[in-house]
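Please open the model in your viewer and keep the selection panel at hand, since this tour goes from one selection to the next.

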Amino acid sequence: MENKKFYITTPIYYPSGKFHIGTAYATTLTDCIRRYKKARGYDTYMLTGLDEHGQKIQSVAEKKGVTPQEHVDEMAEKAKELWNLMDIGNNDFIRTTEERHMKSVEKIVDLFLKNGDIYKGTYEGLYCMPCENYFTETQLVDGKCPDCGREVKKMQEESYFFNMKKYENWLKEFYAENPQFIEPESRKTEIFNNFINPGLEDLCISRATFDWGIPMPNDPKHVLYVWLDALTNYITALGYMSDDDTLFKKYWPADLHIVGKEIIRFHGIYWPIFLKALGLEMPKKIYAHSWIVMKDGKMSKSVGNVIYPETLIERYGLDATKYYLLRLMSFAQDSMFTPEDFVDRFNYDLANDLGNLLNRTIGMMNKYYEGKIPTNITEKTEFDDELENYTQTQITKVEELMDSYHLSNALSEIWAIIGRTNKYIDETAPWALAKSENKEPLKSVMNHLAENLRKIAILLSPFMPQTSEKMLEQLGISNEVCSWDSMKQNDVIAEGTSVIEKGEPLFVRLDREEEIEFIKNAMKK
Ligand code: MSP
């Protein structure tokens with residue numbers, strides 16, 4: 001029997017500053033896939049959390065004049081608030097400063113030491129004293145520190161290394177047998193060209209230049225490199241190497257790790273090797289998404305082009321924000337956020353196409369049938385079969401796209417159904433049918449409109465759960481005919497189902513110029 005569990009993770013985020021829409025996108029994408037899998041009958045488990053150690057966090061806290069622990073505690077509350085506001089259904093929130101994580105990591109490192117995967121060596125690099133950081137030749141700017149512009153010095157220090165070379169052949173074989181381990185394909189090609197084919201380097205996994213990290217169990221003046229600490233969150237959160245590993249037994253291996261394209265090297269090379277060294281099963285898939293960029297490049301506070309999710313949610317609602325993020329981002333390429341595009345999509349896609357379809361249908365249902373959805377159709381119009389077949393074909397397409405994580409394309413196909421259904425109203429002209437003696441065709445049209453809106457609401461449920469619920473509520477359709485599989489059937493709405501008397505607009509059309517101005521100003525703050 002097929003194993004119907006689905007364990008999905010986001011990266012654990014650095015709590016160095018307020019989360020912008022890029023971080024919100026990664027979490028929304030993960031949550032949308034979780035909701036979809038849940039609707040398809042999977043027992044889902046979603047993990048997110050914070051990556052709280054390392055030099056970067058230590059220096060942010062120092063600048064703020066608080067301890068690193070005080071800083072991360074404050075940030076963890078804020079992160080949880082944001083995911084709450086965004087209705088993200090994670091099952092756990094792991095923080096790498098939690099004892100449950102740190103204890104397991106120590107045991108993991110002990111095992112690596114015992115098995116000879118970690119050895120002591122000498123790290124050589126170009127060191128910037130004030131920044132307390134090593135750089136490689138190519139990272140320097142005009143031969144100087146890329147961060148502060150000061151002189152760097154060749155230095156060496158005692159460090160611990162993970163023996164990556166030992167696993168190089170295994171890793172190549174693993175990819176040969178699992179060519180779709182990383183998607184999109186282009187990301188896999190990148191790490192092969194840049195890191196695997198030239199030959200793996202052993203990885204320096206300890207630091208002695210700062211102390212905000214997990215101490216090496218055998219040599220506590222060193223702390224663990226943040227990526228070894230961070231990657232293991234995916235298993236420590238499930239209780240791996242703890243007294244209670246029930247969740248680990250139930251959910252590991254992960255079915256999907258969602259990561260941003262810039263951290264694919266860590267997930268595509270080091271993570272499988274760490275797991276192999278622990279004798280654990282590999283995750284099923286890693287999906288590396290692209291970035292949301294702005295007209296002037298990456299989002300950055302100093303450029304004044306950052307947009308925060310709260311700004312959009314407060315003014316335009318949660319679902320409009322989620323819709324935009326998921327629709328914007330293509331599978332393999334960076335996508336540009338613009339205020340113009342945000343407002344246009346809101347007005348055209350949400351207020352016009354979707355909102356009007358619901359409103360027109362509810363209006364006609366009240367006008368012609370006192371709000372009762374006609375059922376048990378006996379006579380169809382000439383357009384009905386085509387609409388039914390088209391919708392079923394589209395549903396299959398959406399499922400295929402969701403299964404391969406092409407969420408933006410899946411939304412386009414859902415909007416194609418919305419467009420087709422709006423067109424069906426024009427084709428069948430219910431206002432003309434209402435005047436004819438034979439009322440059967442009008443009954444069929446109104447039934448088909450309600451049925452298609454029901455299907456659209458179900459399809460939208462992973463993307464815009466609140467909107468989906470509102471649609472079904474306005475239509476008066478009960479949960480019994482809202483399962484994913486119920487979309488494959490027609491004419492299932494129960495007899496006597498009544499729509500509300502006066503439809504409430506799902507999305508109120510925005511004043512284009514005013515709102516573009518609003519978003520632009522918010523970006524400067
Ligand atoms: N802490 C590491 C991850 C460790 S996972 C074991 C990290 N954190 S991060 O906070 O810098 O980034 C977290 C995720 O947010 C990354 O996957 C990154 O790609 C994503 N995003 C940050 N900015 C983004 C955009 N502008 N657009 C889309 N996603 C981006 O890396």
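In this predicted model, select the side chain of Asp 51 together with the ligand, and you will find an N or O atom of that side chain 2.7 Å from a nitrogen atom of the ligand. Add the backbone of Ile 12, where an N or O atom lies 2.8 Å from a nitrogen atom of the ligand, and then the backbone of Gly 260, which has a polar atom 2.9 Å from an oxygen atom of the ligand.

If you now display the ligand surface, bear in mind that the ligand on its own has 670 Å² of accessible area, of which the protein covers 89%. Widen the selection to the shell of 22 residues around the ligand, among which Ile 12, Asp 51, Gly 260, Glu 262 and Ile 292 come nearest. Coloured by class, this shell shows 13 nonpolar, seven polar and two charged residues. Helix H7 (226–231), helix H8 (233–236) and strand S12 (256–260) are the elements that each give two or more residues to the shell, and H7, with three residues, gives the most.

For the last stop, select helix H12 (residues 318–328) and helix H15 (residues 407–428), whose axes come within 7 Å and cross at roughly 110°, which means that H12 is roughly perpendicular to H15. Show side chains here: on the H12 side the contact involves Tyr 323, Leu 326 and Arg 327, which meet Leu 407, Ser 408, Leu 411, Ser 412 and Trp 415 of H15. By class, the residues of this contact between H12 and H15 comprise five nonpolar, two polar and one charged.

Conventions:
Residues are numbered from 1 along each chain as its sequence is written. This is a predicted model: local features need pLDDT of at least 70, side-chain atom pairs count only at pLDDT 80 or more; totals for chains, interfaces and linings use all residues. Side-chain values use heavy atoms; hydrogens and water are left out. Axes are lines fitted to C-alpha atoms, for helices over the stretch in contact, and angles run from 0 to 180 degrees between N-to-C directions. Helices (H or I, at least four residues) and strands (E, at least two) are DSSP runs, numbered from the N terminus. Angles under 35 degrees count as roughly parallel, over 145 as roughly antiparallel, 65 to 115 as roughly perpendicular and the rest as oblique. Contact means heavy atoms within 4.5 Å. Ala, Val, Leu, Ile, Met, Phe, Trp, Tyr, Cys and Pro count as nonpolar, Asp, Glu, Lys and Arg as charged, and the others, Gly among them, as polar. A residue is near a molecule or strand if one of its heavy atoms lies within 4 Å of it. A polar contact is a pair of N or O atoms within 3.5 Å; within protein, one must be able to donate a hydrogen and the other to accept it, and residues adjacent in sequence count only if both atoms are side-chain atoms. Accessible areas come from the Shrake-Rupley method with a 1.4 Å probe; for residues, only the protein chains shown count as cover.
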